[in-house]
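Visitor: I'm new to reading structures, and I'd like to zoom in on one small spot rather than take in everything at once. Could you walk me through it slowly and then show me what else is worth a look?

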Amino acid sequence: MFVTTEHNVALTKTALEAYIADIAIGDKAAVGELYEETKTAVYGFALSILKNTSDAEDVLQDTFVKIWSSAKGYSPLGKPMAWVLTITKHLAISRLRERNKTADISEESWLVFQTQPNAVSTEDRLVLTAAMQTLSSEERQIIILHAVSGLKHVEIAQLLSMPLSTVLSKYSRARKKLQNTLKEGEVT
Amino acid sequence: MNAANIETKLANAISKEVPDVLDDILSKCNKQSGNIFEINEFNNKAKSNKWIKSFYATAAVLALLVGGYFLIWQYQMVHTVDSVITLDVNPSVELKVNKAEIVLSATGLSEDGASVLEEIQQDGEKLTGKELDEAVNELVCSMVEKGYLSELNNSILISVDNSDNEKSIEIKMRLLISVGNTLSERGIDGAILGQINTANEKISELAEKYGISKGKSSLIESIIAKTPQYSFDDLAHLDINDLSLLAEKWLDEMENISMVGTPSSKGYISSESAIDSAFAHSNIEISDNAEIVASLELADGKLIYDVSVITDDIKCDYYIDGKTGTILDWVSNTIDSGSMGNDQGLSTGNSDNVETDLPEEPTEDIVDAIIDIITDITNKVG
């Protein structure tokens, strides 16, 4: 799992850039390394946009296939995770558009978690369900990105093309909503 | 469950949900046109001789040194204060952040500042460990909620100190925009002042003496440089909004200070209202050639309007409380039409500070001294 704290930000960025550089010269093993480091962030971000595990899985696959084919065009600017997630964002939005054209079932009915109930603790699952059910799309994207990608608010603002203050206020609102929801036990 | 726990649980739940699709991905990764970079392994078996042993020993020592250096560097990056950011409204709060802009400490520099931090903590939040932008946003939101920042009192001063000038400017500009937007989202048309690298010995001493932040101390020094009639003591007790109103007209000339927005004068009566108050009190009839000037000035630690009215035959000066509109003092002088028009005639007013041109009456001591001198001279002549 990709866990970023201030202790290893610089190290992780360097490692991710090295993987992308290796992918650019055709190293498949580096795809595996990059996948292991970033899969939670990519899947979480896709899930936050699509609210659907099946679509999020497809976007997860497509993201790394796209990285494989376009790694040569990556300029190492110290933002490898933002680059990866930008690819995820475009693919997820494109998937969302396709789905809106073809699907006529409600968004909520698409949300079916894949893991067995005992694989995730009840409390962890409650938080994820609350995030999916009670937050707006933007709030969900921001809090999930902050929780799993290690991106700073400034970087999240750039990724989502939002003013920093909007990201900060939505982030703060999302956390309060989740706290209240979990406190009141409204999650079903 | 606190906020930090929520994110950890969210991350845990998502990480467990991630499907394993690596094989599918790799099967779709067709051969690229570029060459696969292969690391040629050193297949020859190492010969166990002394030279190789010493080579490995040296390499191990080097690795330890590099590792040690890296650990020290990492420790410094995480724990060393890189920038100090001060927010002043009336509550003053200082944030110290490391190179990664993570808050290492948050300190209230005034009673209200400490109270804001305490209330944030009571809400289950902690500023230390947060990103700078998030912590500043939290503080600004809290100051709005507690009424320290409002439409009437819309000014906030952000002071950034970092040894790297470019980084100071980058943080300052980012926070100016971000705080402006945060206030705007809460319906406040804010005035955000930003300044960089404010600390020097004199400013630090003054800040300590008056119990204010170095940032505010630096702003006051900048205002005094433009308005020497004010003393540090006059300005130290004003809040940032009042200081901003005083500084506004010289901002273009203050190199170190930038401002986004306009400081609110809504807490004050308008200059028109001040003029109306003056006329209502004096019963002056306004002729076409009357000269009327109203300016916001500082007197006795508060902002007042100095309304000056000059007609053909009278000159009045009114000092009006900027907040309440109460007339604090007034002086009225008739203008002698026989002179060139500027000589003062009769004076009336309600203040003790009306000055007249009459010589002062000599005191008894002076009279006695003069009598002694005359007696002495008379005796000598006699």
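Visitor: Where in chain A is the place of A:Lys51?

Guide: Happy to take you there, and keep in mind that this is a predicted model. A:Lys51 sits in the loop that links helix 2 (28–50) to helix 3 (53–70) of chain A. Its backbone has a little quirk: phi of A:Lys51 is near 55 degrees, a positive value in a residue that isn't glycine. As for its surroundings, A:Lys51 has 18 other C-beta atoms within 10 Å, so it counts as partly exposed.

Now hop along chain A to A:Ser161, in the loop between helix 7 (153–160) and helix 8 (164–184). Here too phi is near 55 degrees, again a positive value in a residue other than glycine. A:Ser161 has 7 other C-beta atoms within 10 Å, so this one is exposed.

For a buried residue, try A:Ile20, which belongs to helix 1 (residues 9–24) of chain A. A:Ile20 is buried because 21 other C-beta atoms lie within 10 Å, and the cut-off for buried is 20 or more. Setting aside neighbours within four places in sequence, A:Ile20 is in contact with A:Leu34, A:Ala71, A:Tyr74 and A:Pro80. Take A:Ala71 from that group: it is 51 residues away from A:Ile20 along the chain, yet their C-alpha atoms are separated by 6.0 Å.

Next, swing over to chain B and look at a pair of helices. The axes of helix 4 (residues 111–122) and helix 5 of chain B come within 10 Å and cross at roughly 105 degrees. That crossing is why helix 4 of chain B is roughly perpendicular to helix 5 of chain B. On the helix 4 side, B:Val116, B:Glu119 and B:Ile120 do the meeting, and their partners in helix 5 are B:Glu138, B:Leu139, B:Ser142 and B:Met143. Sort the residues of this helix contact by class and you get 4 nonpolar, 1 polar and 2 charged.

Last stop: the place where the two chains touch. Chain A puts in 52 residues and chain B puts in 39. On the chain B side, the elements giving two or more residues are helix 1 (3–17), helix 2 (22–28), helix 3 (50–79), helix 5 (132–145) and helix 6 (165–185). Helix 1 of chain B supplies the largest share of that side, with 12 residues. By class, the chain B side has 19 nonpolar, 10 polar and 10 charged residues.

Note on methods
Residues are numbered from 1 along each chain as its sequence is written. Chains are lettered from A and ligands numbered from 1 in the order in which they are written. This is a predicted model: local features need pLDDT of at least 70, side-chain atom pairs count only at pLDDT 80 or more; totals for chains, interfaces and linings use all residues. Two residues are in contact if their C-beta atoms, placed from the backbone, lie within 7 Å. Helices (H or I, at least four residues) and strands (E, at least two) are DSSP runs, numbered from the N terminus. Ala, Val, Leu, Ile, Met, Phe, Trp, Tyr, Cys and Pro count as nonpolar, Asp, Glu, Lys and Arg as charged, and the others, Gly among them, as polar. Axes are lines fitted to C-alpha atoms, for helices over the stretch in contact, and angles run from 0 to 180 degrees between N-to-C directions. Angles under 35 degrees count as roughly parallel, over 145 as roughly antiparallel, 65 to 115 as roughly perpendicular and the rest as oblique. A residue is buried if 20 or more other C-beta atoms lie within 10 Å of its own, exposed if 12 or fewer, and partly exposed in between; C-beta atoms are placed from the backbone.
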